[in-house]
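Here are a few short exercises to work through with the model open beside you. Try each task before reading its solution.

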Amino acid sequence: MRTGQPAKSSHNIQVRRSRPADLDALCDLENRVFETDRMSRRSLRRLVVSPSAATVVAQSNGEIAGVAVVLFRANSRIARLYSLAVAPKHTGRGIASALLAAAEKAARSRKCCVLRLEVHERNHGAIKVYRKAGYHEFGRHHQYYQDCGHALRFQKELMRS
């Protein structure tokens with residue numbers, strides 16, 4: 001993903017690469033969105049600057065409204081959407097879809113042909129977003145989350161290999 005002009009989305013949302021200066025806002029967002037399985041400040045700091053990750057944020061009126069983290073492995077054409085979070089007061093505005101599109105763009109730019117993710121089986125809003133974006137379920141991980149909840153595994157083919 002290029003770091004030039006921020007991409008514009010609906011509802012005056014801008015999607016851009018995250019920067020180290022976003023760390024406080026990212027930590028706050030992580031704590032507001034997730035009750036369990038939170039990333040630590042140290043993990044977030046590392047992901048923001050890691051060459052094997054793409055961390056993109058959605059901004060609304062100068063405030064970080066959401067974040068998506070995509071992980072890449074050397075010699076693999078499969079990328080992993082590690083996390084997608086939207087601040088509760090910003091849900092229902094297309095931010096998750098905009099971040100998902102940016103995550104897919106980042107994966108394509110790394111020549112990945114598939115983007116995979118896990119989602120809590122009770123996270124019906126996120127599941128709806130993923131299905132609408134063309135993701136299909138291909139498996140599950142039992143008792144994957146700290147609350148012993150199961151993870152549904154989804155993937156989308158981004159390009160033919």
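**Exercise 1: The overall fold**

For a chain of 161 residues, a compact globule would have a radius of gyration near 15 Å, and the protein chain of this predicted model agrees, with 15 Å.

Task: Find how many helices and strands the protein chain has, and in which pattern they follow one another.

Solution.
- Start with the count: the protein chain holds 4 helices and 8 strands.
- Then read along the sequence, which gives the pattern β-β-α-α-β-β-β-α-β-α-β-β.
- Next, the extent: along the principal axes, the C-alpha atoms fill a box of roughly 40 × 35 × 30 Å.
- Finally, look at burial and contacts. Buried residues are 45% of the 161, and of the contacts with a separation of 6 or more, 57% join residues 24 or more positions apart.

**Exercise 2: The two sides of α2**

Task: Work out which residues of helix α2 are buried, and what they pack against.

Solution.
- List the buried residues of α2 (residues 41-49): Ser-43, Leu-44, Leu-47 and Val-48.
- Look down the helix axis: these residues line one face of α2, because they fall within an arc of 135°.
- Recall the helix geometry: with 3.6 residues a turn, residues three or four places apart in an α-helix point the same way.
- Turn to the face directed away from the buried side, where Arg-42 and Val-49 are exposed.
- Identify the partners: the buried residues pack against α1 (23-33), β3 (53-60), β4 (63-71) and β5 (78-86).

**Exercise 3: The same analysis for α4**

Task: Find which residues of helix α4 are buried and which exposed residues its opposite face carries.

Solution.
- In α4 (residues 124-132), the buried residues are Ala-126, Ile-127 and Tyr-130.
- They cover an arc of only 100° around the axis, so they sit on the same side of α4.
- The face turned away carries the exposed residues His-124, Lys-128 and Lys-132.
- The buried residues of α4 pack against β5, α3 (95-109), β6 (114-120) and β8 (151-157).
- After α4 comes Gly-134, with a positive phi near 100°.

**Exercise 4: A lysine in β8**

Task: Decide whether Lys-156 is buried or exposed, and find what surrounds this residue.

Solution.
- Locate Lys-156 in strand β8.
- Apply the cut-off: buried means under 20% relative accessible area, so Lys-156, at 17%, counts as buried.
- Check the side chain: one of its polar atoms lies 2.7 Å from the backbone oxygen of Ala-133.
- Collect the contacts beyond four places in sequence: among them are Glu-104, Cys-113, Ala-133, Gly-134 and Tyr-135.

Note on methods. Residues are numbered from 1 along each chain as its sequence is written. This is a predicted model: local features need pLDDT of at least 70, side-chain atom pairs count only at pLDDT 80 or more; totals for chains, interfaces and linings use all residues. Side-chain values use heavy atoms; hydrogens and water are left out. Buried means under 20% relative accessible area, exposed over 50%, partly exposed in between (1.4 Å probe, protein chains only). Helices (H or I, at least four residues) and strands (E, at least two) are DSSP runs, numbered from the N terminus. The arc is that of the directions from the helix axis to the C-beta atoms. Contact means heavy atoms within 4.5 Å. A polar contact is a pair of N or O atoms within 3.5 Å; within protein, one must be able to donate a hydrogen and the other to accept it, and residues adjacent in sequence count only if both atoms are side-chain atoms. The radius of gyration is taken over C-alpha atoms; the globule rule is 2.2 Å times the number of residues to the power 0.38.
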